[in-house]
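User: Please take a close look at one helix in this model and at what surrounds it. I would like a connected account that goes on to other parts of the chain where they help.

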Amino acid sequence: MNKKKKFLYAKALMFGLITVFVIFYTPKISFQQIKALSESNKYTEQFNQVKAVSNFKIESDVNNVLQKAANHLKDKNPNSEIPVDDPHVVFSIWVLQHRNVALQDLDWLWYKAPLELHYYWQINRPDPLVTLEYVVFNEVGYMGVFEREHEKEPYHLRTIYEFDRLKTWTPMIP
């Protein structure tokens with residue numbers, strides 16, 4: 001009987017030590033962070049090397065700044081039929097500003113910029129609520145993840161991946 005009590009005391013002591021360690025010494029991780037990490041791993045698997053990852057909240061200023069820049073380009077050429085809330089327009093503005101390229105107007109951004117600056121872009125919509133935008137220059141690529149809550153709402157930039165190159169050329173970018 002005495003040996004059985006010692007075993008139970010040892011079990012209780014181990015459980016207590018593990019509990020104290022978990023409560024006080026491990027970082028606090030929320031379910032949102034776990035979800036974001038799993039999504040990030042899903043996207044980074046398609047790249048050889050990820051150079052940088054930037055995450056944004058819906059309330060982030062980056063979405064407002066990019067939308068103002070798109071509206072400014074629309075004001076330069078009001079006859080343009082290119083929608084300013086298109087994820088490709090917003091992401092192209094971010095990439096070219098990131099590379100310190102001056103923007104002319106929406107038509108230039110959509111039609112002439114890829115030819116003049118020698119970059120390729122592609123869009124991938126895995127579902128109606130998520131849009132993936134790829135822009136690949138010779139030495140570096142960028143992928144923007146745009147999400148929205150409902151199909152009627154506009155897309156918001158959530159994450160930007162800067163990568164070396166794609167592993168299996170999927171999605172196919174020339």
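Analyst: A polar contact here is a pair of N or O atoms within 3.5 Å; within protein, one of the two must be able to donate a hydrogen and the other to accept it. That cut-off is needed for the start of helix α4, in what is a predicted model. Aspartate 86 caps the N-terminal end of α4, with a side-chain oxygen 2.7 Å from the backbone nitrogen of histidine 88.

The helix itself covers residues 87–98, which is 12 residues. At 1.5 Å a residue, a helix of 12 residues should span 16 Å, and the end C-alpha atoms of α4 are 16 Å apart, so the expected and computed spans agree. Just after α4, asparagine 100 has a positive phi of about 60°.

How much of α4 is covered? Of its 12 residues, 10 are buried. The buried residues are Pro87, His88, Val89, Val90, Phe91, Ser92, Ile93, Trp94, Val95 and Leu96. The cover over them comes from several elements, including the helices α3 (61–76) and α5 (106–117). Strands also take part, among them β2 (120–127), β3 (130–136), β4 (141–147) and β5 (156–163).

Histidine 88, whose backbone nitrogen meets the cap, is itself part of helix α4. Histidine 88 counts as buried because its relative accessibility is 1%, and buried means under 20%. Leaving out residues up to four places away in sequence, histidine 88 touches Trp110, Trp121 and Glu133.

Among the elements that cover α4 is helix α3, and asparagine 63 lies in α3. With a relative accessibility of 11%, asparagine 63 counts as buried. Its side chain reaches the backbone nitrogen of leucine 157 at 2.8 Å. Beyond its neighbours within four places in sequence, asparagine 63 is in contact with Lys57, Ile58, His156 and Leu157.

Strands β4 and β5, also part of the cover, are joined by a salt bridge between glutamate 147 in β4 and arginine 158 in β5. The closest N and O atoms of the pair are 3.7 Å apart, and the two residues are 11 residues apart along the chain. A search of the whole structure finds 1 salt bridge. Arginine 158 is partly exposed because its relative accessible area is 25%.

Glutamate 147 is also touched by glutamate 39, which is in contact with Tyr161 as well, not counting residues up to four places away in sequence. Glutamate 39 is found in helix α2 (residues 31–44), and at 27% relative accessibility glutamate 39 counts as partly exposed.

The loop between β4 and β5 holds glutamate 153. A relative accessible area of 30% makes glutamate 153 partly exposed. The C-alpha atoms of glutamate 153 and leucine 129 are separated by 9.3 Å, with these positions 24 residues apart along the chain counted as their separation.

For the surface, one feature is a nonpolar patch with about 1,100 Å² of accessible area together. Its residues are Leu13, Met14, Leu17, Ile18, Val20, Phe21, Val22, Ile23, Phe24 and Tyr25. Phenylalanine 21 of this patch is in helix α1 (residues 2–25). At 48% relative accessibility, phenylalanine 21 counts as partly exposed, whereas histidine 88 in α4, at 1%, counts as buried.

How values were computed:
Residues numbered from 1 in each chain as written. Predicted model: local features only at pLDDT ≥ 70, side-chain atom pairs only at ≥ 80, totals over all residues. Heavy atoms only, no water. Helix = DSSP H or I, 4+ residues; strand = E, 2+ residues; numbered from the N terminus. Expected span 1.5 Å × (residues − 1). Buried < 20%, exposed > 50% of the residue type's maximum accessible area, 1.4 Å probe, protein only. Contact = heavy atoms within 4.5 Å. Patch = residues over 30% accessible without salt bridge, like charges linked within 9 Å, V, L, I, M, F, W, Y side chains within 5 Å. Areas by Shrake-Rupley, 256 points an atom, 1.4 Å probe, with all protein chains shown as cover. Salt bridge = Lys/Arg side-chain N within 4 Å of Asp/Glu carboxyl O.
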